[in-house]
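Biologist: I should like a close look at a single part of this model, followed by whatever local backbone features deserve a note. Please treat the chosen part in one connected account.

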Amino acid sequence: MKEGGFVSGGSDKVVMVWDRTSWEADEKDPLLNLIGHLEPVTCLARSAAGQLISGSSDMSVRVWEGNVSTQELRGHTAPVWSVVSLPNGDIVSASGDRLLKIWREGACFKTITHHQDAVRGVADLPGVGFLSVSNDSSLCLWSYEGELLKSISNAHDSFIYDVKVLSSGEFITSSEDRTVRVWKDFSPVEILKHPAGVWKAAELANGDIVTAGEDGVVRVFTRDPTRAAEPDVFASYEKELAEVAAKDAVGDLELDRLPGPEALLVPGTKAGENLMIQKEGKAFMYSWDAEGGEWTLVGEIMNAKDNEKRDRVESGKRLLGGKEYDFVFDVDVGEGRDMLKLGYNSGENPYLAAQQFIEDNMLNQNFLEEITQFIVTNAGASVGAGKNVPAGNTAVAPIAAPPAASGSTATATTTTSTVSTNSSFFPQLTPLLFEVGNLANVHKKLLEFNQSLSEDESLLLNDAELTHLSDIMSTLSRTRFYHASSFSLPQFAILEKLISWPSAQLFPVIDLLRLAALHPSASKHFINSNIFPLVLEKGFISVADGAHPANALLTARFIANTFGTPHAADRKVLVGYQELFCDHFSDHFESMNRNGKIAVSTCLLNLCVQFRPSSAAEEKVTQVIALAHSLLNDELSSSTPEEEVVFRLLVAIATVCSNGSESRKALLNDLGGDETLSSLSSFGSEKVRACASDFVDFLASV
């Protein structure tokens with residue numbers, strides 16, 4: 001790698017090697033794209049010989065020379081979260097399966113089972129051995145042969161995410177307890193406090209320490225007084241620490257100073273506003289639900305002098321597996337399995353709690369986002385920015401069960417199949433979404449069209465409405481905070497007014513709604529208000545009747561994105577529109593361009609994800625299978641069939657049939673499915689041929 005170059009890895013599953021010179025010249029293409037991982041890349045390191053090493057949530061470690069993967073090291077049963085190369089050429093990997101593995105000459109030399117929870121970080125301690133840290137709050141030192149030399153069981157007060165060795169011989173650990181600790185001879189010599197959990201820390205060339213945390217802020221700490229922050233910066237930092245400390249402990253509540261239940265009769269002033277009341281000698285926290293127009297119970301407020309709990313906790317503790325939890329949820333994974341129990345404590349990172357639940361119960365990794373969002377919804381948890389947790393398919397939105405009405409018991413419903421497909425192509429378990437967009441361009445076009453409508457005051461947005469529009473854009477641009485933001489009724493009114501614009505000017509409106517549908521607050525409102533049927537009515541007006549050619553394409557993408565709603569009840573409402581969807585798709589598919597056909601095939605795929613469980617109404621399933629099969633054959637008979645359209649329609653059919661239903665298999669056969677699959681065996685795309693082959697094998701096995 002050239003001096004100043006760097007390497008990155010992310011949720012696109014690709015390792016990228018960058019040249020600093022090209023980057024500074026505004027040439028944003030990497031020197032190398034290293035493709036091989038099947039899931040997001042979670043960690044990177046350099047080997048003693050200078051080779052690049054990568055770890056992934058696909059549970060593998062890869063070694064790269066140039067742009068070629070020379071080794072694929074498999075053996076972990078959960079995401080790999082950290083890798084390090086040792087001076088002797090060995091590689092150590094740390095994983096969510098609680099194991100450390102030492103790899104020697106391309107094979108597993110030793111597996112270490114000491115840690116009691118996911119192992120998050122490893123680092124070489126030159127001349128001594130290697131360090132490991134874990135969610136179990138422990139810090140360990142190992143010899144290069146994997147023998148335990150030293151262990152500190154409570155090195156931090158919470159999960160430890162990272163460990164790095166400094167040039168001074170000291171080392172640093174980063175934790176969810178909002179500190180970075182500097183260690184010398186295995187004793188903490190400094191504690192660097194933060195207002196949020198710290199995900200990573202590293203040493204700069206000048207010896208300073210840089211940290212990154214869940215609050216999205218990068219901070220630099222120094223021992224050199226000449227580089228110390230200005231007084232106002234330091235004062236701001238101290239203020240943040242004080243505010244967090246005050247929030248941590250409620251202290252001795254003075255109940256006689258809190259209002260009684262009568263305070264709940266006074267409406268809140270904004271969504272999410274909190275209200276504490278006293279009732280029957282206890283204090284309770286309520287939150288204002290602006291959309292529902294009522295105060296909703298968050299939970300009982302417990303004293304927390306010892307900083308063990310945050311201020312939102314469920315009243316009473318529940319015992320699960322010998323451990324006390326603030327919340328214990330029932331989780332139904334379907335298909336005949338017993339109800340599972342998920343324990344969660346206020347203040348835990350919901351992603352890690354969800355990951356632990358998946359590992360403990362050997363569930364599909366694709367459920368990570370779904371279960372996480374369920375915890376966020378029902379426990380009032382905060383995900384925070386920069387989640388630093390390997391996810392499954394991060395290109396799609398989480399699907400969560402509906403929130404519980406009250407109390408600490410709720411049910412998350414996911415669906416698994418007892419029929420194994422042995423295919424990497426299907427079943428698709430989560431909806432595919434169209435997430436890429438340019439909000440700035442959409443906003444600009446809306447303002448331009450608004451000016452052109454100045455003669456019609458009923459359509460024109462006034463200054464106050466334009467301010468609401470800008471606020472909507474601002475909220476949508478802050479994707480990391482979707483879990484903590486919402487839209488007001490006046491803002492939704494603006495969106496509904498925009499839908500009344502003439503068809504020729506409607507395409508930026510639908511594009512805005514498509515992007516807004518990715519926000520949980522917006523998707524819920526759209527599906528349960530006039531907005532959804534209005535979009536369907538106006539979005540599919542034909543070009544011959546004055547519509548812009550992009551309207552139908554964007555409307556199909558809007559429909560696809562609404563399936564990402566985290567509310568199961570809302571997805572049931574969407575299914576109610578299925579017949580209307582299918583009519584529109586059937587009418588417009590032939591006249592659409594490639595992007596339009598991909599959007600329609602994606603909608604059908606998302607419907608098939610919903611219909612995959614055997615409980616789905618068979619008349620609805622029949623219509624979707626028949627339409628998907630018909631459109632697939634239409635595309636195959638065209639002069640230049642589009643690969644992605646064919647692939648998505650094929651995956652849709654395979655997904656809805658993958659529960660092993662004999663009636664669905666018989667329906668497909670009656671539609672001529674055998675002939676269709678046979679024709680796909682010679683299709684020009686390798687992935688289509690492979691998927692079709694897998695589907696044929698699956699059908700033969702059930």
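Modeller: The account below takes up one enclosed space and its lining, and then turns to individual residues. The model is a predicted one.

A search of the whole structure finds two cavities of 30 Å³ or more. The part chosen here is the second largest cavity, whose volume is about 40 Å³. Its lining consists of His 629, Leu 632, Leu 650, Ile 653, Leu 668, Gly 673, Thr 676, Leu 677 and Phe 695. Three elements each give two or more residues to this lining, namely α15 (618–636), α16 (643–657) and α18 (673–680). Of the elements involved, α18 gives the most, with three residues. In chemical character, the lining of the second largest cavity divides into six nonpolar residues, three polar residues and no charged ones.

A charged side chain elsewhere in the chain may be considered next. Glu 170 is placed in the loop that runs between β16 (160–165) and β17 (171–175). Its relative accessible area is 8%, and because this is under 20%, Glu 170 counts as buried. Leaving aside residues up to four places away in sequence, Glu 170 touches Val 165, Val 182, Trp 183, Lys 184, Val 189 and Arg 223. One of these, Val 189, is 19 residues from Glu 170 along the chain, and the C-alpha atoms of the two are separated by 9.4 Å. The side chain of Glu 170 also makes a polar contact, at 2.7 Å, with the side chain of Ser 168.

The backbone has some further features of note. Phe 426 and Pro 427 are joined by a cis peptide bond, with omega at about 5°. Pro 427 belongs to the loop between β30 (411–413) and α5 (439–452).

Positive phi values also occur in residues other than glycine. Met 59 is not a glycine, yet has a positive phi of about 75°; this residue sits in the loop between β5 (52–56) and β6 (60–65). Its relative accessibility is 30%, which lies between 20% and 50%, so Met 59 counts as partly exposed. Glu 105, likewise not a glycine, has a positive phi near 55°, and its place is in the loop between β10 (100–104) and β11 (107–112). The relative accessibility of Glu 105 is 80%, and because this is over 50%, the residue counts as exposed.

Notes:
Residues numbered from 1 in each chain as written. Predicted model: local features only at pLDDT ≥ 70, side-chain atom pairs only at ≥ 80, totals over all residues. Heavy atoms only, no water. 1 Å grid on protein atoms, 1.4 Å probe; cavity = no way out; pocket = protein on both sides within 12 Å on 5 of 7 lines; lining within 4 Å. Points joined across faces, edges and corners; volume = space filled by probe spheres on them. Helix = DSSP H or I, 4+ residues; strand = E, 2+ residues; numbered from the N terminus. Nonpolar A, V, L, I, M, F, W, Y, C, P; charged D, E, K, R; others polar. Buried < 20%, exposed > 50% of the residue type's maximum accessible area, 1.4 Å probe, protein only. Contact = heavy atoms within 4.5 Å. Polar contact = N/O pair within 3.5 Å; in protein donor to acceptor, adjacent residues only side chain to side chain.
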